[in-house]
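User: I have a protein model open on my screen. Can you take me through it step by step?

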Amino acid sequence: MIIRLIAVGHKMPDWVDKAYREYARRLPHECKLELVEINAAKRGKQADIARIMAKEAELIKSAIHPGDWVVALDVEGKAWSTPQLAKQITRWQEQGRNISLLVGGPEGLTPDIRNMADQKWSLSALTLPHPLVRVVVAEALYRAWSVTVNHPYHRE
């Protein structure tokens, strides 16, 4: 199974890239994590946010592979504990499909992107900075995977 983290934003701080890569590297081949960066449009005082979000939505859609199970990261989604995420990973593997995890830009995902998702996942009721979301997702997936294989990384 390949999990694609499709995220709006690029040119992340070095600490973000290092942390993300570290957790992605730890995941095994059968649960591979890949990052797909969508360039965020420049936002200024006179920016047409609706047009920018629509363009980013089109780029997100084009990054989703046919047949992928689509999970939108959204504050209105379901919050999963680590054991619940581990069960999700097992279900995803049993489906035999790859996963597309979607992270929107500063304004979030457009309604049409949220509506096309097979699932919605909320990392937190807090608003997290987009660079941190990448690290949190990668670590959460690694920790949940470690639960599925009884790896000692996760200890309750």
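Analyst: Here are some short questions and answers on this predicted model.

User: In what order do the elements of the protein chain run from the N terminus on?

Analyst: The protein chain holds 5 helices and 5 strands. Start at the N terminus and read along. Strands and helices then run in the order β-α-β-α-β-α-β-α-β-α.

User: Why can the protein chain be called as compact as a globular protein of that length?

Analyst: Compare two values. The globule rule gives 15 Å for 156 residues. The chain is as compact as a globular protein of that length because its radius of gyration is close to that, at 15 Å.

User: What share of the contacts with a separation of 6 or more joins residues 24 or more positions apart?

Analyst: Take the contacts in the protein chain with a separation of 6 or more. Then pick out those between residues 24 or more positions apart. Their share is 82%.

User: Which element gives the largest share of the largest nonpolar core?

Analyst: The largest nonpolar core has 30 residues, and Leu 33, Leu 85, Trp 92, Leu 101 and Leu 141 have the most contacts inside it. Elements giving two or more residues to this core are β1, α1, β3, α3, β4 and α5. The largest share is 8 residues, and it comes from α5.

User: How many residues are in the other core, the one that lies apart?

Analyst: This second core includes Val 8, Ile 38, Ile 64 and Ala 117. It lies apart from the largest one. Its residue count is 13.

User: Which residues does Leu 85 touch, not counting those up to four places away in sequence?

Analyst: Leu 85 is among the residues with the most contacts inside the largest nonpolar core. Leave out its neighbours up to four places away in sequence. The residues it touches are then Trp 80, Trp 92, Trp 121, Ala 140, Leu 141 and Ala 144.

User: Is Arg 4 buried or exposed?

Analyst: Arg 4 sits in strand β1. Beyond four places in sequence, its contacts include Glu 34, His 65, Asp 68 and Asn 98. Buried means under 20% relative accessible area. Arg 4 has a relative accessible area of 5%, so Arg 4 is buried.

User: Which element gives the largest share of the lining of the largest pocket?

Analyst: This pocket holds about 440 Å³ of space. Its lining has 21 residues, and Leu 73, Asp 74, Val 75, Gly 108 and His 130 lie nearest the centre. At least two residues each come from β3, β5 and α5. The largest share is 4 residues, from β3.

User: Which class has 10 residues in the lining of the largest pocket?

Analyst: Sort the lining by class. There are 4 charged residues and 7 polar ones. The class with 10 is nonpolar.

User: How much space lies in the largest cavity?

Analyst: The structure holds 1 cavity of 30 Å³ or more. Residues lining the largest cavity include Val 8, Met 53, Glu 56 and Gly 108. The space in it is about 50 Å³.

User: Which helix gives the most to the lining of the largest cavity?

Analyst: By class, this lining divides into 6 nonpolar, 4 polar and 1 charged. One helix, covering residues 49-63, gives 4 residues. That helix is α2.

Notes: Residues numbered from 1 in each chain as written. Predicted model: local features only at pLDDT ≥ 70, side-chain atom pairs only at ≥ 80, totals over all residues. Heavy atoms only, no water. 1 Å grid on protein atoms, 1.4 Å probe; cavity = no way out; pocket = protein on both sides within 12 Å on 5 of 7 lines; lining within 4 Å. Points joined across faces, edges and corners; volume = space filled by probe spheres on them. Nonpolar A, V, L, I, M, F, W, Y, C, P; charged D, E, K, R; others polar. Core = buried A, V, L, I, M, F, W, Y, C linked by side-chain atoms within 4.5 Å. Buried < 20%, exposed > 50% of the residue type's maximum accessible area, 1.4 Å probe, protein only. Contact = heavy atoms within 4.5 Å. Rg over C-alpha atoms; globule rule 2.2 N^0.38 Å.
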